[in-house]
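Q: Please take a close look at the nonpolar core of this model and at the parts of the chain around it. Explain it in plain terms for a first-year student.

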Amino acid sequence: MQMKEKIMKGMVSFFIAMFFCTIIARAAASLTVAKVKTESPGRGTLVRRFQGTGTVRYRDREFQSLPEGQKVARVLAKPGSDVKKGEKILQLDMDYLEEQIKQQEREIQMKDIALKQQELEGKPEKRVSAAAQAKLELEAAKEALSEVRKRKPKKENEGDNAESGSAGEDSWKEELEAAKKACEQAKNAYRLAKQEEENQKKNEGTRSQISKLGQESTKLELEGMKEKLDKLKKVKKSKGLIKAAESGRLASVGAQEGTITTGTEQVVLECGPLEACGALPPGEAGKAIEGDEISVRFQGAARETTLSIESVSREGVPADGGGQEDSGEAGGITASGSQVFWHSSVEEDSGEAGDSFTYEYSKNSDSRYDSVIPLSALREAGGTAYVLIAEVRGGILGEDYEAVKIPVTVLGKDQENAAVEGSFPGEALVIAESNKYVKEGDRVRLDE
């Protein structure tokens, strides 16, 4: 009996020792083994979500060009202020305008005189025709030759008369040769005169055409100068005042007091119905499209308002880096130096032009995915994406878990989750969080 009692006591002591060793081993494991939170891949969608800011502004813009070459005397309305249609915005210098009108009138008079000079220079000169004169000389040479031929001496056959007749015939022949030569010279002179006259007519035609073109050019210049004078007189008639063409908010004046306008300056008025204009954050340009809904909280409003995006635009960003809007938004600026905005109509009681607002965009993906996991579970090494799952492993202390690597293909992401494709075992436990760094093959314990 004593032996049996000793054996029983020894076995009890052994099991008690094993029990305490197990407790100690598990306590040690709790200190050394990573504690992880897991989730099973599930079917679902991704959600695109982002926030931003914007302003309420007028939808349309009215551009009024300032007259060229005028001096700005006073700016009567400040940019950013609300103006009514017909309200005075700028006052031009009337003395400077009067000088411009006088100068323009003098230039028109000078140009009119130049035109009259061109018209006189274009008229053909009156002169005696050289060809006609040469023709008269040719006719006279022909008549002289004919007269010489008529005076041909008769032949004498006897004595002294024969000798005198021979002398008379020689004289006549000389006279005849001279008349022929004179006639030939007259013919040549006539031909040259005719050619010269034809050349002069061609030259006169060219000069006349050049003169006409010059006159046309001067007339066009004169027409433009008169149009400019008419514009100056219209400015004078309006007493040099630039007034608002529409009611709205004055965005910019375009010129400062004392400056001379170049004709490129513009008064810009924001007018028309009000709209919400929100800047898209970097990386989200092109993601929000027409028809998407967006949740907006206007300045001073207690509740959010749901709006529908009506359009998306790309607007230029000034060289100093400021946004297109006065609110100073910096989101959505692209490499091309532009900023992307969404636009939506707002009710009149939602706010006033210039009010700011915040917004939140949220939209489910069109596709449903078979395996959606927390974004924190996604890992990457060597350009390959993978996840770690906790798989059961048997041991002397009971069931343990080991981190096992599963390669995956990423199909899409949002701010919280990722859609992946991979060979997951049934009821896979994807490691989403851990209190220690975990790598493939590490023992882990589940956070119950």
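A: In this predicted model, the largest nonpolar core is made of 23 residues. Those with the most contacts inside this core are Leu66, Val83, Ile89, Leu90, Ile242, Leu250 and Val267. Four elements give two or more residues to it, namely S6, H2, H4 and S9. Of these, H4 gives the most, with 5 residues.

Start with S6, which covers residues 88-92. S6 belongs to an open sheet of 3 strands, in the order S4-S6-S7, with antiparallel pairing. At the edges stand S4 (72-75) and S7 (241-243); each has a single partner strand, so one side of each is left without a neighbour in the sheet. From one strand to the next, the twist averages 25°. S4 and S6 are joined over 3 bridges in the antiparallel sense. Within this part of the sheet, Arg74 stands opposite Gln91 of S6.

Next comes H2, a helix that runs over residues 94-121. H2 contains 28 residues, and the distance from its first C-alpha to its last is 41 Å. That is close to the 40 Å expected at 1.5 Å a residue. At the N-terminal end, H2 is capped by Asp93, which has a side-chain oxygen 3.0 Å from the backbone nitrogen of Asp95. The buried residues of this helix are Leu97, Ile101, Gln104, Ile108 and Leu115. A general point about helices helps in reading that list. An α-helix has 3.6 residues a turn, so residues three or four places apart point the same way.

H2 is also tied to H4, which spans residues 159-237. The link is a salt bridge between Lys236 and Glu98, whose closest N and O atoms are 3.0 Å apart. Because Lys236 lies in H4 and Glu98 in H2, the pair ties together parts that are 138 residues apart in sequence. Lys236 counts as partly exposed, at 37% relative accessibility. Glu98 also counts as partly exposed, with a value of 27%.

S9, made of residues 266-279, takes part in a link of this kind as well. Glu275 forms a salt bridge with Arg59, and their closest N and O atoms are 3.1 Å apart. Glu275 sits in S9 and Arg59 in S3 (residues 47-65), so the two are 216 residues apart along the chain. Glu275 counts as buried because its relative accessibility is 4%, and buried means under 20%. Arg59, at 32%, counts as partly exposed. The two residues are part of a network of salt bridges that also includes Arg57 and Glu310.

One more pair joins distant parts of the chain. Arg249 forms a salt bridge with Asp82, with 3.1 Å between the closest N and O atoms. Arg249 is in S8 (residues 248-252) and Asp82 is in S5 (residues 82-83), 167 residues apart. With a relative accessibility of 18%, Arg249 counts as buried. The structure holds 18 salt bridges, and the pairs described here are among them.

How values were computed
Residues are numbered from 1 along each chain as its sequence is written. This is a predicted model: local features need pLDDT of at least 70, side-chain atom pairs count only at pLDDT 80 or more; totals for chains, interfaces and linings use all residues. Side-chain values use heavy atoms; hydrogens and water are left out. Two strands pair if DSSP finds at least two bridges between them. Axes are lines fitted to C-alpha atoms, for helices over the stretch in contact, and angles run from 0 to 180 degrees between N-to-C directions. A salt bridge is a side-chain nitrogen of Lys or Arg within 4 Å of a carboxyl oxygen of Asp or Glu. Buried means under 20% relative accessible area, exposed over 50%, partly exposed in between (1.4 Å probe, protein chains only). The expected span of a helix is 1.5 Å times one less than its number of residues. A polar contact is a pair of N or O atoms within 3.5 Å; within protein, one must be able to donate a hydrogen and the other to accept it, and residues adjacent in sequence count only if both atoms are side-chain atoms. A nonpolar core is a set of buried Ala, Val, Leu, Ile, Met, Phe, Trp, Tyr and Cys residues joined through side-chain atoms within 4.5 Å.
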